[in-house]
Amino acid sequence: MAGAESGGPAAPGEDVKPFTPETAKEIVMSLQQPAVFCNMVGNWPALHWNVKYLSAVLDGKTIEFRIGSKTMDLVPQFETRCSYVKATLEEFLAWSSGQPSCLSGPFSCFEYSKYWAYADYKYIARVFEDKAEIFQDIRWSDFGFPGRSGKESTLWIGSEGANTPCHLDSYGCNLVLQVQGRKRWHLFPPGDTSFLYPTRIPYEESSVFSKVNIAKPDLKRFPEFRNTTAHVVTLSPGQVLLVPRHWWHYVESVDPITVSINSWIELDADHEARVEEAITRTLVCAIKSAENPSDEDIWLNPTEVEATSHEINLQYLNKAVSAYFKCQKTSVSEQTRPSSTETERVTSASQKRRKKQVGWEPEGCKLLTHEFGFSTFKAEKFQKIPFGPHLIQVLPQSQETSSTGAVESDYRDLPHENEGGHFGKLHCTRKQLAMSNDCETPANQMDSDGSPNASQTALSTNDLLDCLVNPHVISLVAQLLLERAGV
């Protein structure tokens, strides 16, 4: 049983783990469905990283918060639709508890009952750059990744209602530790991609967004969403969620304050994904830069510094192709001799948000492949995954279980009509942070029943891009390019 995996008695003062690092890594690298690890981080100092503790550690340092409306709309609250403020964690705590002192602080324009705040994608190496010793509070070595600590991790601090729009990550798989409060995860398998209406606007490298607001889907506009298979789990403090490669996810804070820590684990398949991302960047930047700019058409996500030039994008594409073949060559040569610790080493996943490095080169290639249908683990390996009290499956809605308390049991009923609401405009401090949904058909091109007027409908640049950079199309283009480059 799982408890026997600890490998013998624990050292004094050290918690007994249900899985050895080797077993945990095997699960992470082979499992192709989301699952929750329990009882693996009991001795991690990071479990004490509540907002009050972090506020004392940062001692007045400000961080940026994204502000969104709690009013539910049919349109996702993309980062381009939000306001941003810089504040200390002390000010965030005061605001989230309704203290009068907030009337004049950075959150003064945002009533707590109407808005949420999210300090997301904060790289711990940057937030605590002058306190490097704190990196060791996070010990991903327990999951089989020696040397990986807080330096390769990201911090998320949010208030109730704070959410991340539904998206998939192009690179890697994801380990997420819940520290304070609870978060509800809605996950969808890669096979549901077409039902989620993927888009690259707003554009951000490595993030493919869904046009659907998962919390309040517009089934009239996105009828295929009914065909999705949602896996819903509420993650509690001390639990670690595995998000496998290319699983879609929408994440929402359900408690007044939440703190999470995650690390993206790079995979061998990322080399081909980087070629696909380079093609996508080249197309999006070329086409959107050629269009007459509009104050309301904020197509570049705030996480992207600027639209890179065509020359730079081609350089990036060529380097991605070169890195792909370098990895292929390394993999072939490694298969002829025993693997070493070095070839098994996992490279840093901080690349997810470090997108501007034109001279990027991979630090190494792993032999473990996580691609669907191409895993180096045999099929029978999956039958031996030790599910139980220490590793809980995140099951589809139709297969929910309440035995562990980890799987959410009440996924809200999907509305059949265009119900509810308007997205309230936020008090934006930056011009580019106010945006209308340019992916939608303009109001003056709609019939009275809300459907596009056939005589007036005009396809937009974004409509064209949605087709050109559809994941299936980009995958085919990447294969053709790699074939050409390999001749």
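Q: Which residue of β15 stands opposite F37?
A: In this predicted model, F37 stands opposite L391, which belongs to β15. The two strands involved, β1 (residues 35–37) and β15, pair in the antiparallel sense over three bridges.

Q: And what sort of sheet do those strands sit in, open or closed?
A: The sheet is open and is formed by nine strands with antiparallel pairing, running in the order β3-β2-β4-β5-β14-β7-β12-β1-β15. Its edge strands are β3 (83–87) and β15 (391–393), each of which pairs on one side only. On average, and with direction ignored, neighbouring strands of this sheet are turned by 25° against each other.

Q: Which strands does α1 touch where it packs on the sheet?
A: Helix α1 touches β1, β7 (173–180), β12 (240–243) and β15, and its direction makes about 165° with that of β1.

Q: Switching to charges, how many salt bridges are there?
A: The count comes to 11 salt bridges. One of them joins the side chains of K17 and D142, with a distance of 3.5 Å from N to O.

Q: Why is the K17 and D142 pair worth a look in terms of sequence?
A: K17 lies in the segment before α1 (21–30), whereas D142 is in the loop between α4 (124–127) and β5 (154–159), so the pair ties together parts that are 125 residues apart in sequence.

Q: Are K17 and D142 buried or exposed?
A: K17 is buried, at a relative accessible area of 10%, and D142 also counts as buried, with 16% relative accessibility.

Q: What about R274, which partner does that one have?
A: R274 forms a salt bridge with E266, and their closest N and O atoms are 2.9 Å apart. Here R274 is buried, with a relative accessible area of 3%, and E266 is buried with 12%.

Q: How exposed or buried are the two ends of the K288 and E291 bridge?
A: K288 counts as buried at 4% relative accessibility, while E291, at 27%, counts as partly exposed. Their side chains meet at 3.0 Å, N to O.

Q: Which residues are linked in a network of salt bridges?
A: E205, R281 and E304 are linked in such a network.

Q: Now α5, how many residues does the helix have and how far does it reach?
A: Helix α5 (residues 270–290) has 21 residues and reaches 30 Å from its first C-alpha to its last, close to the 30 Å expected at 1.5 Å a residue. Of its 21 residues, 16 are buried, so α5 is largely enclosed by the rest of the structure.

Q: Which members of the largest nonpolar core touch the most others?
A: That core has 54 residues, and the ones that touch the most other members are F37, W49, F65, F128, F143 and I261. Leaving aside residues up to four places away in sequence, I261 touches a set of residues including W49, I124, W140, L155, L175 and V179. Apart from the largest core lies another of 21 residues, among them I201, V275, V284 and L317.

Q: And the whole chain, how many helices and strands, and what share is buried?
A: The protein chain has 10 helices and 15 strands, and buried residues make up 54% of its 487 residues. Among contacts between residues at least 6 apart in sequence, 81% join residues at least 24 apart.

Key
Residues are numbered from 1 along each chain as its sequence is written. This is a predicted model: local features need pLDDT of at least 70, side-chain atom pairs count only at pLDDT 80 or more; totals for chains, interfaces and linings use all residues. Side-chain values use heavy atoms; hydrogens and water are left out. A salt bridge is a side-chain nitrogen of Lys or Arg within 4 Å of a carboxyl oxygen of Asp or Glu. Helices (H or I, at least four residues) and strands (E, at least two) are DSSP runs, numbered from the N terminus. Buried means under 20% relative accessible area, exposed over 50%, partly exposed in between (1.4 Å probe, protein chains only). Two strands pair if DSSP finds at least two bridges between them. Axes are lines fitted to C-alpha atoms, for helices over the stretch in contact, and angles run from 0 to 180 degrees between N-to-C directions. Contact means heavy atoms within 4.5 Å. The expected span of a helix is 1.5 Å times one less than its number of residues. A nonpolar core is a set of buried Ala, Val, Leu, Ile, Met, Phe, Trp, Tyr and Cys residues joined through side-chain atoms within 4.5 Å.
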